[in-house]
Amino acid sequence: MLNGYHYTGPLPLGSVVAHNCGAAGLFSDPLNPDVLLVAVEEGDCYILIVSVCGQERRFEGPVTSLGRRKIGQDLLVFLREIQGLDPYNEWGTMVGVRPTKLLHKYIDTYGSIEEATRHIRDEFSVSKEKLDTLAAIGAYQRPYVEGITDKDISIYCGIPFCDTRCVYCSFPYGLYQSYEYRDDFIKSLLLDIEDIQSLRQRYVLNVDTLYMGGGTPTVLDEQSFHKVLTSLSHLIEEGREFTVEAGRPDSMTKEKFKSLQACRVSRISINPQTMDDDILRIIGRGHNVQDIHDMYSYVRNHTNLAINMDFIAGLPYQEMHHMVHNMDYICQNLPENVTIHTLAIKRGSPLYDLQMQEQIPHESVVRDMVQYAKERLEEAGYVPYYLYRQQYMKGQLENIGYTLPGKACIYNINMMEERQTIISAGPGSSSKWMKAPLFRQKKQHMPKDVTVYNETIQSLLEKRHALCNSFWEVP
Ligand SMILES: C[S@@+](CC[C@H](N)C(=O)[O-])C[C@H]1O[C@@H](n2cnc3c(N)ncnc32)[C@H](O)[C@@H]1O
Ligand code: SF4
């Protein structure tokens, strides 16, 4: 397999090249590239020369968004063939992270889900099966993405720490227990959250949903967890959707459950990833299957929290019978939501460096697992309600969130479809301001480095105030 690529040339074409190289399993590697891509603009035409394995290939297209898309599609087919991958998989030449966002845009333009999916099929050669899934998700989401006003927002709070590192994951900034400036972090985070409260009052915002994610938010010590959660709870009215990622049972305590209850949290995640102890150990989770059972029963017996459960298809040593077992568990217990992820091998994750490629199931096996999960979940009454794709995913598949009817996590829809403003607190989080009808975004990214976040929090909040003021235009 080829690993690295390097591109030089016009920037707009560069982002298309990056997406399509990623979809063919290539990482940007300027120092040691296997594939060299050099582009120029000549008149109103792009010319892209690709050098790989001693051969050169030329791609051309007009200097327009359609021209860039055409070059990207031809490049994807070429690179996937060289990689020994199926050049035309179920998603055809569609490489975007948010296919349903495009679907909604096309529903707005062409007037119906049927017309929108027809255009997607014609432009990207997406299979009938994927189009049916897109249509089902579009239909579920439509009432939530329509009629959002400028003053409706969601709020996100991100805790970028965990207490152990899962081998496939590139999310966390680090281990909480090893971070020296924990007190400064909590202080800055509380300032950040309180500042959102002042924005909410000043601009008279309607907070639709609130999501505390990570990392592992429940990694905070009980006192800090309670303080942060209490401060967050002031941002949202009683009865609204308030979700906390409590995915790792090893990070939960009875006290933290009390805080969830006291702060009116309505949904949590309990994330097995797999219901197999050997694989859990290999991927570095700090919990076993029994811990999942225990936490699930505790939540069902002592709270009325809605539960989401995350699974991954394609983990090292995973076989079909593991997915059968996972789905048996789900169908017996029926959590409100289930998310089936497809393994993405991310640079920056230990899995990438450990070179465990041999232990990772073949993409055809992963495809079968994902298909099997879909059939079992749908038989059990679940419907798909959000979908996203990532680069470097096994088989170029997708992540799908399923829900029992009427139980969806609306924040996931708001976040994925990018039609509602989301104001975010915490290092590495992003705020996005959206306005109909084009939903072009103003954005603010908080620094990923927690110490930089702590040290610059005042100026970050000032910048956020300026962005809010220009968006909501208070003189
Ligand atoms: C941002 S993580 C946070 C969840 C929480 N910290 C936990 O692990 O329980 C959300 C989900 O993304 C999925 N995920 C993370 N890295 C992944 C990868 N490389 N490939 C596929 N899924 C991944 C996992 O299922 C995980 O539960
Ligand atoms: S999967 Fe969750 S717990 Fe594991 S390292 Fe990533 S964010 Fe942390």
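Is D195 buried or exposed? In this predicted model, D195 turns out to be buried, since its relative accessible area is 11% and anything under 20% falls in that class. Its side chain isn't on its own in there: D195 and R464 meet in a salt bridge, with 2.9 Å from N to O. D195 sits in helix α6 (residues 182–202) and R464 in helix α15 (residues 450–472), so this pair ties together parts of the chain that are 269 residues apart in sequence. R464 is buried too, with a relative accessible area of 0%.

That pair belongs to a wider set, as the structure holds 27 salt bridges. Another one brings together the side chains of R142 and D108, at 2.5 Å from N to O. Here the link runs between distant parts of the chain, from R142 in helix α5 (residues 128–145) to D108 in helix α3 (residues 99–110), 34 residues apart. What about cover? R142 counts as buried because its relative accessibility is 12%, while D108, with a relative accessible area of 41%, is partly exposed.

Much the same story can be told for D328 and R376, whose side chains form a salt bridge of 2.9 Å, N to O. Distant parts of the chain are linked by this pair as well: D328 is in helix α11 (residues 320–333) and R376 is in helix α13 (residues 363–379), 48 residues apart. The aspartate, D328, is partly exposed at a relative accessible area of 28%, whereas R376 is buried at 17%. Salt bridges also join up into a network, which links R98, K101, E418 and K432.

Charge shows up in another way on the surface. Which residues gather there in a patch of negative charge? They are D183, D184, D221, E222, D449 and E455. One of them, D221, has its place in the loop between β9 (206–214) and α7 (222–233). D221 counts as partly exposed, because its relative accessibility comes to 36%, and partly exposed covers the range between under 20% and over 50%.

Loops elsewhere offer a bit of contrast. H287 lies in the loop between α9 (277–282) and α10 (289–302), and yet H287 counts as buried, with just 5% relative accessibility. The side chain of H287 is joined to that of R285 by a polar contact of 2.9 Å. Then there's R264, found in the loop between α8 (254–262) and β11 (267–269). With a relative accessibility of 31%, R264 counts as partly exposed. How far apart are the C-alpha atoms of R264 and F242? The separation is 7.4 Å, for two residues that are 22 residues apart along the chain.

Finally, there is V289, which lies in helix α10. V289 is buried, its relative accessible area being 12%. From C-alpha to C-alpha, V289 and T274 are 8.2 Å apart in space, and they are 15 residues apart in sequence.

Technical notes
Residues are numbered from 1 along each chain as its sequence is written. Chains are lettered from A and ligands numbered from 1 in the order in which they are written. This is a predicted model: local features need pLDDT of at least 70, side-chain atom pairs count only at pLDDT 80 or more; totals for chains, interfaces and linings use all residues. Side-chain values use heavy atoms; hydrogens and water are left out. Patches are made of residues with over 30% relative accessible area and no salt bridge: like charges are joined within 9 Å, nonpolar side chains (Val, Leu, Ile, Met, Phe, Trp, Tyr) within 5 Å. Accessible areas come from the Shrake-Rupley method with a 1.4 Å probe; for residues, only the protein chains shown count as cover. A salt bridge is a side-chain nitrogen of Lys or Arg within 4 Å of a carboxyl oxygen of Asp or Glu. Lys and Arg count as positive and Asp and Glu as negative; His and the chain ends are not counted. The place of a charge is taken as NZ of Lys, CZ of Arg, CG of Asp or CD of Glu. Helices (H or I, at least four residues) and strands (E, at least two) are DSSP runs, numbered from the N terminus. Buried means under 20% relative accessible area, exposed over 50%, partly exposed in between (1.4 Å probe, protein chains only). A polar contact is a pair of N or O atoms within 3.5 Å; within protein, one must be able to donate a hydrogen and the other to accept it, and residues adjacent in sequence count only if both atoms are side-chain atoms.
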